[in-house]
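Biologist: Let's go through this model together, one short question at a time. Keep the answers brief, please.

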Amino acid sequence: MILKYDVLVIGGGHAGCEAATAAANMGARTCLVTMDMNKIAQMSCNPAVGGIAKGQIVREIDALGGYMGLVTDATAIQFRMLNRSKGPAVWSPRAQCDREKFIWEWRRVLDQTDNLDIWQDQAEELLVESAGEKRVIGVKTIWGVELEAKSVVITAGTFLNGLLHVGRKQIPGGRIAEPTVRNFTESITAQGITTSRMKTGTPVRIDKKSVHFEDLEIQEGESDYHQFSYMGPHRVLKQLPCWTCYTNKAVHDTLRGGLADSPLFNGQIQSTGPRYCPSIETKLVTFPDKDQHPLFLEPEGTDTNEMYLNGFSSSMPIDVQLNAIHHIPALRDAKIYRPGYAIEYDYFDPTQLNHTLESKVVGGLFFAGQVNGTTGYEEAGGQGTVAGINAALYAGAAGGDGTTADASFVMKRDESYIGVLIDDLVTKGVDEPYRMFTSRAEFRILLRQDDADARLTERAYQIGLASRQRYDWWLEKKERIDQIIEFCEQTSVKPRIINGFLESLGTAPLHGSVKIADLIARPQISFQNLSEQLPLLKEVLLASPNRTEEIAEAAEIKLKYKGYIERERLFAEKMHRLEDIKIKGRFDYASVHDLSTECRQKLERIQPETLAQASRIPGVSPSDINVLLVLLKR
């Protein structure tokens, strides 16, 4: 049996869902291949979306026309805006979701997407045409079905040769109770693409009925106007609290007693795990002086008693895990649904990819998600969106033909966190699971969570991904923001009207009339408190037909941080000059002896597109960049 498509997406996780819908919405005949249609976009670990820098990625996916933000808002059971005590450059939305409803909301999205088929099967062999330059032509499944396509996106998550660990027990699997995928990695590496192994893990799941909540500290969510999507309705599900507690000496002693059987420390697991989401046993070894570690007990949904013990990832033997949590007062009688476990899986070297996420080795073959060495639903979704766009362009959708530089979609580092993520992957590679942080972005004042649509929606609309409705909403929002800013820059306030208010806030009174824009720059002043003193300002802020608070916040941030934003934009424009200097194919690096040996080796392997990308490669020094500049001038 042979089925023909423009784009194939292999894997129905967060990267796969975004890739498939992006390609289909751009007009490509698309097929999503998944092993289990009832576990589409499964939240394998914590059923939460967003967090520090991750929330910005979800906003960017939404601004591009993706669905993670919409699905999250429809299934959120607790929302919080993290880092509100800091500047808006690092404000980050996060939502706890209903795990099952998240799956079925994604299924609804996929079922209603035109040009998209779902095929429940397992990929076993990558089909490649080797006459001339290698080019992908499809995959063959374990049932012998041949799925032909012009481009293929691999988003297989942790399933490629996945191996689960609980204590000394090892079971093949891509997730608990789900089979591993054999042979597919080998059919990919047979084409010259390199692979290695990584590890991740997850905690025990606890029965809510067995928890002593009186011994926990409650952590409520927020109910204001913030959400993930710029398009969808406000959160609709009942909002539930999370709970906090701590480990203690008895917990630590119990865990230390089982370290000899821990696969992380007895030599059983050789691959690298996530540095920034360590197991509880790793925390004990890394921080031996700590008497306690924070834990967060989080609900898995509105209709289930299953709870997630965030901070207690473990692959220790089952009895050790259970005995340890019983030393926590609130969990002294805890019953668990299943233990925590670790999983090892295959990933592919991302330096073998272009910024489009297309393989440098096999044309038309794209990779996204954990197979590129990343961790996190958000990082996966962002990559999936970009891979789906470029796979569709390669296949001929939206005017693309896969043969020119114009038929590609790439974001710069000052344009999105997704652009930072992909540039880091293809330029630096990974030696541990990659997780996004605000500190990884040198232009984070430009990459705020409030302005993702300003950065990306027009570009997405131009390539046929963002809908006309989304684009029109952005134009309306932009017009309203501009009107508010113009009003504030042109309207003056007299001292006699405002000085009493200013003195009550402990800020200096006025000695003459000033513009509202100058007042709002003061840290003590916001649109919220100032509009109570200035009825005309309040009238302008409330004039928006929808999303009034969101628009006012965006305008206020642009006014309050105008100087910082302009300064960072100037710096970004200077960096663009290096981005505009194309160097790929212009040097035989091995023969340039003025470069350091390490630099020659790195440049030869990665083959950077631009001088700016070359400057970001570890081992390439500023003096090496100067050498290349001199040679270019010659």
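Biologist: Which residue of β18 is the bridge partner of Thr244?
Modeller: This is a predicted model, so every value here is computed from it. Strand β17, residues 242-246, is joined to strand β18, residues 294-299, by 4 bridges. The two strands run antiparallel. In β18, the partner of Thr244 is Phe296.

Biologist: Which strands stand at the edges of the open sheet, and why is one side of each left without a neighbour?
Modeller: The sheet has 6 strands with antiparallel pairing, in the order β16-β17-β18-β19-β15-β20. Each edge strand has a single partner strand, so one of its sides has no neighbour in the sheet. Those strands are β16 (217-219) and β20 (336-338).

Biologist: What does the twist average from one strand to the next?
Modeller: Take the open sheet in the order β16-β17-β18-β19-β15-β20. From one strand to the next, the twist averages 35°.

Biologist: Which helix gives the largest share of the largest nonpolar core?
Modeller: That core has 132 residues. Trp106, Phe184, Phe527 and Leu530 have the most contacts inside it. The largest share is 9 residues, and it comes from helix α9 (residues 377-394).

Biologist: Which residues is Phe527 in contact with, leaving aside neighbours within four places in sequence?
Modeller: Phe527 is among the residues with the most contacts inside the largest core. Contact here means heavy atoms within 4.5 Å. Its partners are Ile484, Cys488, Ile520, Leu537, Leu541, Ala552, Ala555, Glu556 and Leu559.

Biologist: How many residues does the other core have?
Modeller: This core lies apart from the largest one. Cys245, Leu284, Met307 and Leu309 are among its members. Its count is 23 residues.

Biologist: How many residues of helix α2 are buried?
Modeller: Helix α2 covers residues 54-64. Buried residues include Lys54, Arg59, Glu60 and Asp62, along with Ile57, Val58 and Ile61. The count is 11 of 11.

Biologist: What phi does Gly65 take?
Modeller: Gly65 sits just after α2. Its phi is positive, at about 110°.

Biologist: Why is the protein chain as compact as a globular protein of its length?
Modeller: The chain has 21 helices and 24 strands. For 634 residues, the globule rule gives 26 Å, and the chain is close to that, so it is as compact as a globular protein of that length. Its radius of gyration is 26 Å.

Biologist: What share of the residues count as buried?
Modeller: Buried means under 20% relative accessible area. Of the 634 residues in the chain, the share is 58%.

Note on methods. Residues numbered from 1 in each chain as written. Predicted model: local features only at pLDDT ≥ 70, side-chain atom pairs only at ≥ 80, totals over all residues. Heavy atoms only, no water. Pairing = 2+ DSSP bridges. Axes fitted to C-alpha atoms, helices over the stretch in contact; angles between N-to-C directions. Core = buried A, V, L, I, M, F, W, Y, C linked by side-chain atoms within 4.5 Å. Buried < 20%, exposed > 50% of the residue type's maximum accessible area, 1.4 Å probe, protein only. Rg over C-alpha atoms; globule rule 2.2 N^0.38 Å.
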